[in-house]
Structures are given as structure tokens and as C-alpha cells.
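Work through the exercises below with the structure in view. Each task is followed by a solution in steps.

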Amino acid sequence: MKHLLNLKSFFKFLGKNKSYTFIDIFGLSISLMFVILIATYTFQELSTDQFHENKDRIYVLASEDNYATAYRLSDRLLERYPEIDKICGICNQLGATPVEIGDYEIKSELLLVDTTFFDMFSFELIQGNQKNALEALNYAVISETYARKAFPDRDPMGQILKFSNGLSLTVNGVMKDIKNSTVSYGDVLFRMENVKYFNPGIESQEYHNAGATVLFIMTKPGMDLNTRVQEITAYFKEIFWMYQRDIRKQVQFVPLTDVYFSKLDSWGRVEQGDWTFVLVLMSVGILILLFAIINYVNLTVAQTGFRAKEMAIRRLLGSSRMELFARLILEATFLTFVSFIVGLFLAYLFIPSTNNLLQTKLAITTLISPFSIVIVISVLLIMGLVAGFITGDYYLKY
């Protein structure tokens, strides 16, 4: 074992053949960089909204083709259907709004929500308490990114945000940025009742601006609103002008975890992905990995002639077939791990460019789990085993 772990001759070979070493490691590293970036993107897409504790009880109210609806329908649904535990209306289409903070102004993305927001969703607060973060009408919760930008040198808690329409909000919480969710990111999150300062029609009892809001509905445990779809559709035809005029004809309740890849439109009210694109990208990632393994093995085997004399001497000195195979497998595995580390470093460097290209926010840390670690180690070991075995077989033949 001691002689097996002595890789001085291997390092000497790599040092003498710098071009081979560079091409072998750099080529594999580039391939693994693309695989890591693609794997991160596809994993994040496929895990959208999976982190919510109550995800199996949350639905989004939709028509036959759209998620956008009237905010005040929530009142009617809550009072009429006991299956419903909570409803959270969310409005995100107010645009980049100037907010006055002290003696300067900053453009801010606003997200108006009901007080049930933190009861329904599992978004994490860094500062503040989820139970009272939106307790007062003038309370606001800001994102972590916004807190660093707006209050770089002071505690954001208790700071005042002023709007040109007369609304003033007090920061009562800082939350981790909303991501990996159908709920859109917002810099400043505050109560829906304040929508009257921006778009009074949204809170109209006549259901004006009927496409301005998305209603997230959490049912009581074991309840299924889809059994009441026909009844609710008939009810909407009595009270909601869009159904009365046959602009919309159906009601459906889409499970939260199905919303992201559904084909229903939302007019930008919720975040949605493209399942076909994810599938294509995932296939490309698998192909890149396969070609990387093949190219790596071919390049390794192509260099066997340079070490034929060394291997022949080892055989004459008594090294067994198994020892030769073990040594070559260990060397090949070492190179694959080095290439992976370099590829991981390159992936971190290219994350900003990838985010711009895919219009997303990648975080490689999302891949860190016991399962993914086992997968990575297994793939690297397989690459090393295949390359080492084929190389060893070549030496023993010749």
C-alpha cells in the first residue's frame, strides 16, 4: 500500500508533459464546469416551491387559462367555503417605485401581500418575527439584498420608507431574498390594504382590475377544493362580472408545486418556468458529461506509450497485475478530482454570466446535500476506474 500511494513518478510524468497535463485537466474542468452550472439550474428549477412546509395544502385560484384574478374574491371564498384555512392575495405589478430613505431616494420593487403571507409560506426572516412582521398597517419587510443596498452602514430595523403618495412604512423585518418560488421577488413587502395608495381599483368590491392579483389558497388538512369546482364556477357567475360576461368560463385550483411549469398565463403575476427548456438543458448536461468521460479516457489512453517503460520496469520488479491496475486507477481518479475542483472554481466565476444569460439567480450551494455528494463522488470514481482500467489493460497487452 505504501508503494501504491507513492505517486512521485506520476507527478514527474505530469511535470515533463505539461501540455498533456494542461489539456487533460483543463479540458475536463471546462466540461465539468458546464455540467455543474446546468445541474444547478435544473435542480433549482425542479425544486421550485418544494421548501414550503405547507406546499401540499396550497393552491392557486385560476380560470381556464390564467392565474390573475380579482383581489376581493378572497373575502367571498373565505366566508362561503369552510374547506379554506387561509388566503393570501399577492400583487407585484406596481413597477420600480421611488422610495425616500432619509436624504436620498432609491428605486424599489414592491410586493403587496395579505397578513397571512408568513403563515402560508416558509420564507425565512433574518431579522424580525414572522408572527408580527406585518402586524401593523404601516409595517414593511425588506429583502436581504435591499437591506444591504438601502442601509449599508446601519440597522434597517425601525427605519422609515417614504413614498411620494404620502404612504410611510416602518421596516419591521428583513427576509432572505425570495427565490426558487412562484412568488415574485420584492424589495419591499407590505400589506395589501395599502394598495389604495397605488391602485385603488384593486380593492374594489366590484372586482375592478380583475387581473391585478393572484390568490394563493391554503386548505385545511385533508380538504380538497377541486371537489367544489362546479359549485364555485356557478357562484362566480352570480357575483363576478368576468364570468357573467363569459370572458372566463371555468374555475380550477392548481397545486402550488404545479404552478411553475404549468401552461396557464399569469401576465407576470407569478414566476413561471419552461419545462421543455429545462428538459433540453438537462439532456445537454448529460451529453456533455458523457463526452467528457469519453474524451478524458481517450486522452489518458493516448498517453500510455510515454509510460510504457516505467510500467514494464514495475512488472519486472514484481508488481502484480492488481497493483498495476490499482495504481493507474488511483492516478486517473486523482486527476478527475483535481479537474472537478478546478471546474467548481470556474463555475463560481461564471455564475454572474450564466445568471445574465438565463435570467436567473444560481446558487451552487443548493446542490450541497448528502445525495448530491454521493452522486458526484460516484461519477468521479467511475471516471477514474474506467480510465485506469482501460489504461492498465493496454499496458498488460503490450
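**Exercise 1.** Which residues does serine 74 touch, not counting residues up to four places away in sequence?

Solution. The model is predicted. Step one is to locate the residue: serine 74 is found in helix H3, which covers residues 73-80. Step two is its exposure: serine 74 has a relative accessible area of 4%, so it is buried, the cut-off being under 20%. Step three gives the partners: with residues up to four places away set aside, serine 74 touches Ile87 and Leu215.

**Exercise 2.** Find the place of threonine 40, decide whether it is buried or exposed, and list its contacts.

Solution. Threonine 40 has its place in helix H2, residues 18-46. Its relative accessibility is 1%, and therefore threonine 40 counts as buried. Leaving aside neighbours within four places in sequence, threonine 40 is in contact with Leu362, Ala363, Ile364, Thr366 and Leu367.

**Exercise 3.** Describe the largest nonpolar core and say which helix gives the largest share of it.

Solution. Start with the count: the largest nonpolar core has 48 residues. Inside this core, Leu161, Phe236 and Phe240 are the residues with the most contacts. Helix H6, residues 229-239, supplies the largest share of the core, five residues. Next, take one of the residues with the most contacts there: phenylalanine 236 touches Leu61, Leu73, Leu77, Tyr243 and Val251, not counting residues up to four places away in sequence. Another core lies apart from the largest one. That other core has 29 residues, including Leu111, Phe117, Met120 and Phe216.

**Exercise 4.** Classify the ring pair of phenylalanine 240 and tryptophan 241, then the pair of tyrosine 260 and phenylalanine 261.

Solution. The structure holds 18 aromatic pairs. In the pair of phenylalanine 240 and tryptophan 241, the ring centres are 6.3 Å apart and the planes stand at 90°, so the pair is edge-to-face. Phenylalanine 240 counts as buried at 0% relative accessibility, while tryptophan 241, at 24%, counts as partly exposed. For tyrosine 260 and phenylalanine 261, the centres are 5.0 Å apart and the planes are at 75°, so this pair is edge-to-face. Tyrosine 260 counts as buried at 11% relative accessibility, and phenylalanine 261 is partly exposed with a relative accessible area of 23%.

**Exercise 5.** Which residues form one aromatic cluster?

Solution. The members are Phe51, Phe117, Phe118, Phe121, Phe123 and Phe216. Among them, Phe117 and Phe216 also belong to the core of 29 residues.

**Exercise 6.** How many disulfides does the structure hold, and are cysteine 88 and cysteine 91 buried or exposed?

Solution. The number of disulfides is zero. Cysteine 88 has a relative accessible area of 0% and is buried. Cysteine 91 is buried with a value of 2%.

**Exercise 7.** Summarise the chain as a whole, including the confidence of the prediction.

Solution. First, count the elements: there are 13 helices and 11 strands. Second, take burial: of the 398 residues in the chain, 47% are buried. Third, take the surface: the chain exposes about 20200 Å², and carbon and sulfur atoms supply 59% of it. Fourth, take the contacts: among those with a separation of 6 or more, 78% join residues 24 or more positions apart. Last, take confidence: the average pLDDT is 87, and 87% of the residues score at least 70. Over residues 1-5 the pLDDT is below 50, and this stretch has six contacts in the model beyond near neighbours in sequence.

Definitions and conventions: Residues numbered from 1 in each chain as written. Predicted model: local features only at pLDDT ≥ 70, side-chain atom pairs only at ≥ 80, totals over all residues. Heavy atoms only, no water. Core = buried A, V, L, I, M, F, W, Y, C linked by side-chain atoms within 4.5 Å. Buried < 20%, exposed > 50% of the residue type's maximum accessible area, 1.4 Å probe, protein only. Helix = DSSP H or I, 4+ residues; strand = E, 2+ residues; numbered from the N terminus. Contact = heavy atoms within 4.5 Å. Disulfide = S-S within 2.5 Å. Areas by Shrake-Rupley, 256 points an atom, 1.4 Å probe, with all protein chains shown as cover. pLDDT = per-residue confidence, 0-100. Phe/Tyr/Trp six-rings, centres within 6.5 Å; stacked < 30°, edge-to-face > 60°.
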